[in-house]
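Work through these exercises with the structure open beside you. Try each task before reading its solution.

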Amino acid sequence: MPEEVILQAQRELPDWDGQGFSLLETPFSGVKFKRLLGRTRDTLRELLKIPDHFHILFMHGGASAQFSLVPLNLLGDSKCAAYVDSGYWSRKAIHEAHRYCQVEHAAIAEDYIHTSTNTAYCHITSNETADGLQLSLALKASTPLIVDMTSDFLVRPIDFEPIGLIYAGAQKNIGPAGLTIVIVRDDLLGRAHALTPTVLNYTYQVEAGSLVNTPLTYSIYLANLVFQWIGHQGGITSMAKRSQTRSAMIYDVIDASEGFYRCDIPPDQRSRMNLCFKLPDEPLTQLFIDHAAWSGLVNLKGHVQKGGIRASLYNAMPDAGVVALADFMHRFRKQYA
Ligand code: PMP
């Protein structure tokens, strides 16, 4: 979370919007919260230039809930959906989808995803958080693209033309965990399986303005502050430029290290958000993590299934943190190569 946002939230916690009590005590059905919800939606729509025929939903359950909710809500009469297997998180989505439909494994060829005619949609994970791999968003497909953007939402502009639905768990670039943003195209509504719980049904949530039940009021408030913060930083284009420069700073250190640091992802697919790399062996990896922590650089351990190092450069990470990491990597290599 940006420091400015945390400080503003701290100031406003006891008395929100001049009402003499906290947002935590504010009813979701009242005018003040509804106004906040509307402002949050409008700010997001403006930031990402979301066309009017897409609806913005604020849902519960994290991105993992969407692994089930996408097929439950979107399959309609179809018995098949296409999935691109790009790494750890797309495999989680595929695993869950198997419970609801046949899964067609789709491949990307020159920015186009070929699927057979009976697939309801094609699911991709735009940024593989655990693997450090990011897909181009210039992709086109013969069916609506469903994009898990959990770890690179609000970092690059989106062309909505091929998109059917985008979802993103909040905990990377939006706010506290649990809140999930869903952006769904109007013509994909009305196809939910009859057993889809009402609170998890996109159509009902659209009709109720995300207020089928009590929404994550405080998380929505924080998301709104983060959206405003991004706007003040120059918007999505500025976030995109920043992530390009910042990730290049670290990848340059890796590529100039004569194999001491190793990134196995091809350069054109390297993530600008989650930079994954390896050191020559396990003891050196642990030493890197320990020394980094002494220098104030924490949470660098790679994903449990993947090992190595992972530096996550989410929007709220200050530039100074990236510079400090690049410096540290230079010094560590000089000492131990
Ligand atoms: N998809 C991606 C790309 C993720 O990075 C994550 C979380 N790291 C998830 C899904 C799951 O998110 P949640 O924990 O909110 O269910």
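Two strands pair if DSSP finds at least two bridges between them. Helices (H or I, at least four residues) and strands (E, at least two) are DSSP runs, numbered from the N terminus. This is a predicted model: local features need pLDDT of at least 70, side-chain atom pairs count only at pLDDT 80 or more, and totals for chains, interfaces and linings use all residues. Residues are numbered from 1 along each chain as its sequence is written.

**Exercise 1. A small sheet**

Find how S4 and S5 pair, then place them in their sheet.

Solution.
- Step 1. S4 and strand S5 (residues 112-113) are joined by two bridges, in the antiparallel sense.
- Step 2. Look for one residue pair: Ala109 has Tyr112 of S5 as its bridge partner.
- Step 3. The open sheet has three strands in the order S4-S5-S9, and its pairing is mixed.
- Step 4. Strand S4 (108-109) and strand S9 (140-141) are at the edges with a single partner strand each, so one side of each has no neighbour in the sheet.

**Exercise 2. Two more strand pairs**

Compare the pairing sense of S2 with S3 and of S13 with S14.

Solution.
- Step 1. S2 and strand S3 (residues 102-106) run parallel, over five bridges.
- Step 2. In S3, Ala106 stands opposite Val84.
- Step 3. Burial is a count: a residue is buried if 20 or more other C-beta atoms lie within 10 Å of its own, exposed if 12 or fewer, and partly exposed in between, with C-beta atoms placed from the backbone.
- Step 4. In strand S2 (residues 80-84), four of the five residues are buried, so the strand is largely enclosed by the rest of the structure.
- Step 5. S13 and strand S14 (residues 309-312) are antiparallel, with four bridges.
- Step 6. Leu275 has Ala311 of S14 as its bridge partner.
- Step 7. From strand S13 (residues 274-277), Asn274 and Cys276 point one way, Leu275 and Phe277 point the other way, and all are buried.

**Exercise 3. Two helices**

Check the span of H3 against the expected value, then do it for H7.

Solution.
- Step 1. The expected span of a helix is 1.5 Å times one less than its number of residues.
- Step 2. Helix H3 (residues 62-74) has 13 residues and should span 18 Å; its end C-alpha atoms are 18 Å apart, which agrees.
- Step 3. H3 still bends, by about 35° at Ser68, and Pro71 follows within four residues. The bend is the angle between axes fitted to the seven residues ending at a residue and the seven starting there.
- Step 4. After H3 comes Gly76, with a positive phi near 55°.
- Step 5. Helix H7 (residues 235-255) has 21 residues and reaches 30 Å from first C-alpha to last, close to the 30 Å expected.
- Step 6. Buried residues of H7 include Met239, Ser243, Arg246, Ser247 and Ile250.
- Step 7. The buried residues of H7 pack against H6, S13, S14 and helix H9 (319-336).

**Exercise 4. Two domains**

How many residues of domain 1 are in contact with domain 2?

Solution.
- Step 1. Domain 1 covers 3-232 and domain 2 covers 235-336. These bounds come from an automatic or database domain assignment.
- Step 2. Two residues are in contact if their C-beta atoms, placed from the backbone, lie within 7 Å.
- Step 3. By that rule, 20 residues of domain 1 touch 21 residues of domain 2.
- Step 4. On the domain 1 side, helix H2 (31-48), strand S8 (133-134) and helix H6 (217-232) each supply at least two residues.

**Exercise 5. Residues in loops**

Is Leu154 buried or exposed? Decide for Asn299 too.

Solution.
- Step 1. Leu154 is in the loop between strand S10 (145-148) and strand S11 (163-169). Its phi is positive, about 65°, although Leu154 is not a glycine.
- Step 2. Leu154 counts as buried because it has 23 C-beta neighbours inside 10 Å.
- Step 3. Asn299 is in the loop between helix H8 (282-294) and S14. Its phi is positive, about 60°, although Asn299 is not a glycine.
- Step 4. Asn299 counts as exposed because it has 10 C-beta neighbours inside 10 Å.
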